[in-house]
Amino acid sequence: MKKLTLTILTCLIFLSPNVVLSETMSDLVVREGLYYKKFSQVPFTGKITGNKQGLIKNGKKEGAWVDYWENGQLEYNGNFKNGKRVGYWIRYYEHGQLNFKGNYMNNIKEGSWIIYHKDGTVIKKLTGTYKDGWKISD
């Protein structure tokens, strides 16, 4: 009897539409800025694995995320809050060279930013201190 009960509970857990172990971004679609599992009307909540890794909560990216280029190189490492980029972000070109590092507040550049060309040299006209997405000083 215990074995039958355990089997039934296991089946219910895996068949429940609200329980998600992990998905990849290719399992999802975006509608009106929210992520949904294909063929679902409920905003997705769960862990994302694969080249893009992180958590989606109520259809929006949340917490720490990493993304990898197809060649396995790290593309970016940053955080989301309610679907918007926040805090310190770092991004790399496909060949591994640093692209930029800086802070976001509600998806907008804020604070110190350093932006690089593909050859590793600093792009001086874009590097500096930002306020509300606008460069205010070198």
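In strand β4, I48 finds its bridge partner in G54. The model is predicted, with local features requiring pLDDT of at least 70 and side-chain atom pairs counted only at pLDDT 80 or more, while totals for chains, interfaces and linings use all residues. Residues are numbered from 1 along each chain as its sequence is written, and side-chain values use heavy atoms, leaving out hydrogens and water.

The bridge of I48 belongs to an antiparallel pairing of strand β3 (residues 46-48) with strand β4 (residues 52-57), built from three bridges. Strands here are DSSP runs of E with at least two residues, numbered from the N terminus, and two of them count as paired if DSSP finds at least two bridges between them. β3 and β4 make a hairpin with three residues between them, and G50 in this turn has a positive phi of about 105°. Strand β4 then continues the pattern with β5, again antiparallel, through five bridges. Within this pairing, I56 stands opposite K61 of β5.

The β4-β5 hairpin has two residues between its strands, and its turn holds N58. N58 has a positive phi of about 50° without being a glycine. For orientation, most residues other than glycine have a negative phi. At 51% relative accessibility, N58 counts as exposed; the classes are buried (under 20% relative accessible area), exposed (over 50%) and partly exposed (in between), with a 1.4 Å probe and protein chains only. E32 offers another case, with a positive phi of about 50° although it is not a glycine. This residue, E32, sits in the loop between β1 (28-31) and β2 (34-37) and is exposed, with a relative accessible area of 85%.

Seen as a whole, the hairpins feed into an open sheet of nine strands with antiparallel pairing, in the order β3-β4-β5-β6-β7-β8-β9-β10-β11. Its edge strands are β3 and β11 (134-137), each pairing on one side only. From one strand to the next the twist averages 15°, where axes are lines fitted to C-alpha atoms and angles run from 0 to 180 degrees between N-to-C directions. At the β11 edge, strand β10 (residues 128-131) pairs with β11 in the antiparallel sense over three bridges, and Y130 stands opposite K135 in β11.

Two residues of the sheet give a closer look at its surroundings. K60 lies in strand β5 (residues 60-68) and is partly exposed, at 28% relative accessibility. Leaving aside neighbours within four places in sequence, K60 is in contact (heavy atoms within 4.5 Å) with L34, L55, N82 and G83. The C-alpha atoms of K60 and P43 are 8.2 Å apart, for a separation of 17 residues along the chain. N99, in strand β8 (residues 98-105), is buried with a relative accessible area of 10%. Its side chain makes a polar contact with the side chain of Y93 at 3.0 Å. Such a contact is a pair of N or O atoms within 3.5 Å; within protein, one must be able to donate a hydrogen and the other to accept it, and residues adjacent in sequence count only if both atoms are side-chain atoms. Not counting residues up to four places away in sequence, N99 touches R91, Y92, Y93, I114, I115 and Y116.

Aromatic rings add a further layer of contacts. Rings of Phe, Tyr and Trp (its six-membered ring) pair if their centres lie within 6.5 Å, and planes under 30 degrees apart count as stacked, over 60 as edge-to-face and the rest as tilted. By this rule there are seven aromatic pairs. W89 and Y104 form an edge-to-face pair, with ring centres 5.7 Å apart and planes at 85°. As W89 lies in strand β7 (residues 84-92) and Y104 in strand β8, the pair ties together parts that are 15 residues apart in sequence. Both W89 and Y104 are buried. Y104 also pairs edge-to-face with W113, with centres 5.0 Å apart and planes at 85°; W113 is buried, at 1% relative accessibility. Ring pairs link W65, Y76, F80, W89, F100, Y104, W113 and Y130 into a cluster.

Lysines accompany two of these rings. A charge sits over a ring if NZ of Lys or CZ of Arg is within 6 Å of the ring centre and within 35 degrees of the ring normal. K61 lies over the face of W65, at 4.8 Å from the ring centre, and K109 lies over the face of W113, at 5.1 Å from the ring centre.

Terms used. Helices (H or I, at least four residues) and strands (E, at least two) are DSSP runs, numbered from the N terminus.
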